[in-house]
Amino acid sequence: MVTPQELKTALSTGLLSFPLTDFDSELNFAPKPYAARLEWLKPYGATVLFAAGGTGEFFSIEPGEYAQIVKVACDVCKNDIPIVGGAGGGTRLAIQYAQAAEKAGAAGILLLPHYLTEATQEGLIAHIEAVCRSVRIGVIVYNRAATRLTAASVTHLADRCPNLIGFKDGLGDVERIVQIRHRVGDRLVYIGGMPTHEVYANAYKALGVPTYSSAVFNFIPRTAIEFYNAYARGDQATVGRLINEFFLPYLDIRNRGEGYAVSIVKAGATIVGRGAGPVRPPLTDLKPEEVEQLRALIQRLGPQ
């Protein structure tokens, strides 16, 4: 069993990623293709994988199939790559997801935003504490959407929740990150979680957030690792080339539709012969002309 501190160490270096969740033509979970996807991705060198995370369409997955998804990921990646399961929703539901992930063998959970309505800091603290207390595995809180923790709140949680090991940011609020990083220090691991975080990586590194999760790892894993390695060693020539040649044109396509941050990844996987089926509503797939534009962009990168 991976301890919370061992998971924290694994999250501190190397590329992280969220595998897509495979659905069949009827939008049911497809376990065999999902297992094959994980087998394909394993050798590329990601240090932690997040099963049923944001790119894995956690928001569309119901509790019964969630446990199966995390179990498949843990069975395929055991002894090779730690698996972190997504968890979210209201407190009682988030606890159910967290406990299901722990039972399935996950090393930790990524606590996604709770639900539609905003909450006070007191409410967020109570929510996160309750989830942390419900499991023994490590917990990473995702600061995004309706979950907007202050530095005081993160400090309080870090003091009270020994298995809270990480803070992932998807807001891009520099002042907030600086305050949290300076008040909490190395008690937590800090992870970049902006959509297509590669374009934010250098800026976040300067803030003390060295690692990030990559969605494009799902369909261009060789390039994703090439980018991360160049970024980690300070090779700004390679970083700049890949941003100009791939990531900026990629963003032009991604930004054309709401929810395309997930849809474009599934389209990319299909283009490289690793299709995961369509996205579930309310997300929509890319339009045919957008798929062709993405195909041309991927082809320029060469074999993966």
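This is a short tour of a predicted model, with selections to make in the viewer.

**The barrel.** Start with the strands. Eight of them, in the order E1-E2-E3-E4-E5-E6-E7-E8, close into a barrel with parallel pairing. Next select strand E7, residues 189–192, together with strand E8, residues 211–214; these two run parallel and are joined by two bridges. Within this pair, Gly-192 has Tyr-212 of E8 as its bridge partner.

**H7 on the sheet.** Keep E7 shown and add H7, strand E5 (138–143) and strand E6 (164–169). H7 packs on the sheet and touches E5, E6 and E7. The direction of H7 makes about 160 degrees with that of E7.

**H6 against H7.** Now select helix H6, residues 151–160, and helix H7, residues 174–184. Their axes come within 9 Å and cross at roughly 35 degrees, and the crossing is right-handed. On the H6 side, show Ala-151, Ala-152, Val-154, Thr-155 and Ala-158; on the H7 side, show Gln-179, Ile-180, Arg-183 and Val-184. These residues make the contact, and they divide into six nonpolar, two polar and one charged.

**The cavity.** Last, look for enclosed space. The count is one cavity of 30 Å³ or more, and the largest cavity holds about 30 Å³ of space. To find the largest cavity, select its lining: Leu-111, Leu-112, Leu-124, His-127, Ile-128, Val-141 and Thr-147. Which helix gives the most to this lining? Colour helix H5, residues 121–133: H5 gives the most, with three residues. By type, the lining has five nonpolar residues, two polar and no charged.

Key
Residues numbered from 1 in each chain as written. Predicted model: local features only at pLDDT ≥ 70, side-chain atom pairs only at ≥ 80, totals over all residues. Heavy atoms only, no water. 1 Å grid on protein atoms, 1.4 Å probe; cavity = no way out; pocket = protein on both sides within 12 Å on 5 of 7 lines; lining within 4 Å. Points joined across faces, edges and corners; volume = space filled by probe spheres on them. Helix = DSSP H or I, 4+ residues; strand = E, 2+ residues; numbered from the N terminus. Nonpolar A, V, L, I, M, F, W, Y, C, P; charged D, E, K, R; others polar. Axes fitted to C-alpha atoms, helices over the stretch in contact; angles between N-to-C directions. Left-handed = near helix turned anticlockwise from the far one by under 90°. Contact = heavy atoms within 4.5 Å. Pairing = 2+ DSSP bridges.
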